[in-house]
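Labels on a model are handy, but it helps to know what earns them. Let's go through a few and set each value against its cut-off.

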Amino acid sequence: MAQKLKDDLRLRIEQSALDVMIENGIENCNMRSIAHRAGCTTGNLYRYFENKEQLIFSIIMPIMERLNELISNETEGTLQLLQGELRFPKSENNQKPSEYFTSIMELKLYNVLSKLGNEVKKHPKRMKILINANYVNEKLIEWAIELFKTIFYECFEINKNYKVNIDIFIVVLIKNFCNGLLQIFKETENLPQSIYQKMVEMYLNMQLSGIRTLIDKKIEEGIIIPLKEVFDYEY
C-alpha cells in the first residue's frame, strides 16, 4: 500500500509539473510551484526528483522510449538512443556513394519521424515540453551529431588536412537540421498526420539533396574518399 501511495504521488508530481509548465512556460516555473500544485511539500518533491531537469526528462520519457524503440527497429537493433553504433551493408548496383548514403538516411529518418508523429498525437503536452525544453533539445542534438558522424565515417575517409573542418561542418549541419525538424513539430502539432508526414518528406528531400550535392563535390576534390569495403562505385 505504501508503494502505491509513493507511485501515486510521483505521477501526481509529473502531471502537476506538466500542467504548470504548459500554463506558465518551462523557464517560468519552479519546484515550489510544482509542489504546491501537486499538494506536497517542496522537500517531499525533491525526494522524487533532484532538480527540474530530471523532472522534465521523466515527463518526456514515454516519447523518448518510443523514439528509441523506433530507431532500434529501423536499424535492426544495431542502434539505440544515446548508445550503440550503426553498420551499413555494402552498396550494390554500382550506386554512387552520395546517393547510397543519403538514400539510407532518408529511408531510416522518414520511417522514424513518420511513426514518431503518431506518438506525438498521443502525448501532445509532453511533446510540447520536449520541443521547448532547451536542456532536452541540446542532449538530443548532441546525440544526432554523434549519430551522423558515426554513419559518415562508416562510409567515408577524410583527408587528414580537412578532418577538423569536416567535423565542425557536421556540427553546424546537424544543429540546423534538428532545429528545422523542431519547427515542423511546432507548426504541425495541431494538424492532421498526413500534413505532418508531407512536411517531413519535403524537408528531408530538401536537406538530403543538399548533402548529396556536397558529398559529390568533395569526393571530386579529393577531400572525401569512399571506403572500398562499403562502395563498389568507380568514378
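Rings of Phe, Tyr and Trp (its six-membered ring) pair if their centres lie within 6.5 Å; planes under 30 degrees apart count as stacked, over 60 as edge-to-face and the rest as tilted. Bear in mind that this is a predicted model: local features need pLDDT of at least 70, side-chain atom pairs count only at pLDDT 80 or more, and totals for chains, interfaces and linings use all residues. Residues are numbered from 1 along each chain as its sequence is written, and side-chain values use heavy atoms, with hydrogens and water left out.

Q: What makes Phe152 and Tyr153 an aromatic pair, and which kind is it?
A: The ring centres are 5.5 Å apart, and the cut-off is 6.5 Å. The planes meet at 90 degrees, and over 60 counts as edge-to-face, so that's the label for this pair. The structure holds 3 aromatic pairs, and ring pairs join Phe152, Tyr153 and Phe156 into a cluster.

Q: How do you know whether Phe152 is buried or exposed?
A: Buried means under 20% relative accessible area, exposed over 50%, and partly exposed in between (1.4 Å probe, protein chains only). Phe152 has 5%, so it counts as buried. Its ring partner Tyr153 has 24%, so Tyr153 counts as partly exposed.

Q: Why is the contact between Arg10 and Glu14 called a salt bridge?
A: The term needs a side-chain nitrogen of Lys or Arg within 4 Å of a carboxyl oxygen of Asp or Glu. Here the closest N and O atoms are 3.9 Å apart, so the pair makes the cut. The two residues sit 4 apart in helix H1 (residues 2-24), which means about one helical turn separates them. (Helices, H or I, of at least four residues and strands, E, of at least two are DSSP runs, numbered from the N terminus.) Arg10 is partly exposed at 33%, while Glu14 is buried at 10%.

Q: What do the side chains of Glu23 and Arg37 form?
A: They meet in a salt bridge, 2.7 Å from N to O. Glu23 lies in H1 and Arg37 in helix H2 (residues 31-38), so the pair ties together parts 14 residues apart in sequence. Both ends come out as partly exposed, Glu23 at 49% and Arg37 at 38%.

Q: Why does Lys52 have no salt bridge?
A: The nearest side chain of opposite charge, Glu27, is 4.9 Å away, and a salt bridge needs 4 Å, so Lys52 misses out. (Lys and Arg count as positive and Asp and Glu as negative; His and the chain ends are not counted.) Lys52 is buried all the same. Its side chain does reach the backbone oxygen of Ile26 at 2.8 Å.

Q: How do you know which face of H2 is buried?
A: The buried residues of H2 are Met31, Ile34, Ala35 and Ala38. Seen down the axis of H2, they fall within an arc of 100 degrees, so they line one face of the helix. The arc is that of the directions from the helix axis to the C-beta atoms. On the other side of H2, Arg32 and His36 are exposed.

Conventions
Polar contact = N/O pair within 3.5 Å; in protein donor to acceptor, adjacent residues only side chain to side chain.
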